[in-house]
Amino acid sequence: MSPPSPPSPPSPPPPSRGRYRPCRPRRRGPRPAALAVLLLACAAALASCGYGSRPDQVPAAAQAPAGAPGTKLSADSVTLGYFPNLTHATALVGVREGLIRRELGGTALKTTTFNAGPAEIEALNAGSVDIGFIGPSPAVNGYVKSKGRGLRIVSGAASGGVRLVVNPAKIKTLDDLKGKRIATPQLGNTQDVAFLDWIAARGWKVDAASGKGDVSVVRTNNTITPDAYRSGAVDGAWVPEPTASKLVAEGATVLLEEADLWPDKKFVITNVVVSQKFLGEHPDVVEAVLRGTVRTNAWINAHPDGAKASANAALAALTGKPLEPEVLDRAWPSLRVTDDPLPDTLRAQSAHAVAAGLLEDPDLRGIYDLGPLNRVLGSLHQPTYPAPDDQGR
């Protein structure tokens, strides 16, 4: 069901300038020990992929209907890439409700989904995706690998939605994490880097590549993390939503909200990126998509219950299964959709990856182009965002 035309978006918050400070019936009882061994083997295989490794791509979603009747823009079509994940709520809701498509006139909207950022960056570089929703670590990695020629970050999309959840029978305080096995989604991904930095801030030692040390960091695909927790293969996880809330449904407790570690409780979890080639050739299409994302974020913030239901319906269409109500209701409030790209938090996350030895000191000058977003915001009589300081690394 399409929502009513959304109102003009509320004024966005000023850009952050802060710096990071260090219902399925449940199975009863643990699974056989063999399963735990298998899950740990899977995690080890994922860990061997390295920073920016590529998991399997999700099959492309069905092509969205053609754009609303109207004048075609400079491109016949635009392909949007995103994850079937709540942290990509802007894409889930904007596509499902037609809020992005209606801004494109006669230009067709096509969509495709991915399981992980590196695969999406590869598609962006290959030209099979024009605009994508993606986390900060793969965006930085893709920019650096292309020597600054592959992509631009053109808008924010989401903040928050990451939690440390643990087995309360084994871990009651943060100090209890020492000696335990904690899952992260992927070696060098955004949550993995955040957890490694948190460990280092406590004075504990972990080898970033192997995950071995005072805490065992077990890189485990989010799709199998609940099974790994249920079997006892891991004692907790530093993960995004809805994986964190899925573990809570299995009996885990929330020990830490990553947002509490950041000034104003804001940190980028999802940005909007665009192929530089597509941006140069079709700036009108990029602005139309961003007008759709700005209107989508305004509608989500104005209609949280309707947006939550829409996002879950989109997940059901993309994955074949909606989130259970208890998982969705717990996960949704921890996320905040925003047009703000929160550039200082991306630079802090990049510095943490460097400190962990997962990334060479990157030159990020030029990674942002907020011109299209600011033109959209200006046309809607909303405050614009200052260009990030690109004079330093």
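A residue counts as buried here when its relative accessible area is under 20%. With that cut-off in hand, the predicted model can be walked through from one helix outwards. In helix α3, the residues that come out buried are G117, P118, A119, E120, I121, A123 and L124. That makes seven of the 10 residues in α3 (117-126), so the helix is mostly covered. The cover over those buried residues includes three strands named here, β1 (77-82), β3 (131-134) and β4 (151-160), and it also includes β10 (268-275) and helix α4 (136-145). Just past the end of α3, G127 takes a positive phi of about 90°.

Next comes the sheet. Six strands make it up, lined up as β2-β1-β3-β10-β4-β11, and the sheet is open with mixed pairing. The edge places go to β2 (108-113) and β11 (335-337); each has a single partner strand, so one side of each is left without a neighbour in the sheet. Going from one strand to the next, the twist averages 25°. Helix α2 (residues 89-96) packs on this sheet and touches β1, β2, β3, β4 and β11. The direction of α2 makes about 140° with that of β1.

Strand β3 is worth a closer look. On one side it has I131 and F133, on the other G132 and I134, and all of these are buried, so both faces of the strand are covered. With β1, β3 runs parallel, and two bridges join the pair. L80 has I131 of β3 as its bridge partner, while G81 stands opposite G132. With β10, β3 pairs in the antiparallel sense, this time over four bridges. Here F133 is matched with V272 of β10.

L80 also turns up in the nonpolar interior. The largest nonpolar core holds 97 residues, and the members that touch the most others are L80, L86, I131, L177, F195, W198 and W238. Helix α9 (residues 283-302) gives the most to this core, with eight residues. Leaving aside residues up to four places away in sequence, L80 touches V95, I100, L109, K110, T111, T112, I131, F133 and V289. Another core lies apart from the largest one; it has 13 residues, including A228, Y229, V248 and A252.

The aromatic side chains tell a related story. Searching the whole structure turns up five aromatic pairs. In one of them, the ring centres of F195 and W238 sit 5.2 Å apart with the planes at 35°, so the pair counts as tilted. This pair links distant parts of the chain, since F195 is in helix α5 (residues 190-201) and W238 is in strand β8 (residues 236-240), 43 residues apart. F195 and W238 are both buried. W238 pairs with W198 as well: those ring centres are 6.1 Å apart and the planes meet at 55°, so this pair is tilted too. Again distant parts of the chain are linked, with W198 in α5 and W238 in β8, 40 residues apart. W198 is buried, as is W238. Together with W204, the residues F195, W198 and W238 form one aromatic cluster.

Two polar residues round off the picture. S155 lies in strand β4, and at 0% relative accessibility it counts as buried. A polar atom of the S155 side chain lies 3.5 Å from the backbone oxygen of D339. Not counting residues up to four places away in sequence, S155 touches N271, V272, L290, D339, P341, L370 and L373. V272 thus appears twice, as a contact of S155 and as the β10 bridge partner of F133.

T220, in turn, lies in a loop, the one between β7 (216-219) and α6 (225-231). With a relative accessible area of 2%, T220 is buried. The side chain of T220 reaches the backbone oxygen of V218 at 3.2 Å. T220 and L187 are 33 residues apart in sequence, and their C-alpha atoms are 8.9 Å apart in space.

How values were computed. Residues are numbered from 1 along each chain as its sequence is written. This is a predicted model: local features need pLDDT of at least 70, side-chain atom pairs count only at pLDDT 80 or more; totals for chains, interfaces and linings use all residues. Side-chain values use heavy atoms; hydrogens and water are left out. Buried means under 20% relative accessible area, exposed over 50%, partly exposed in between (1.4 Å probe, protein chains only). Contact means heavy atoms within 4.5 Å. Two strands pair if DSSP finds at least two bridges between them. Axes are lines fitted to C-alpha atoms, for helices over the stretch in contact, and angles run from 0 to 180 degrees between N-to-C directions. Rings of Phe, Tyr and Trp (its six-membered ring) pair if their centres lie within 6.5 Å; planes under 30 degrees apart count as stacked, over 60 as edge-to-face and the rest as tilted. A polar contact is a pair of N or O atoms within 3.5 Å; within protein, one must be able to donate a hydrogen and the other to accept it, and residues adjacent in sequence count only if both atoms are side-chain atoms. A nonpolar core is a set of buried Ala, Val, Leu, Ile, Met, Phe, Trp, Tyr and Cys residues joined through side-chain atoms within 4.5 Å.
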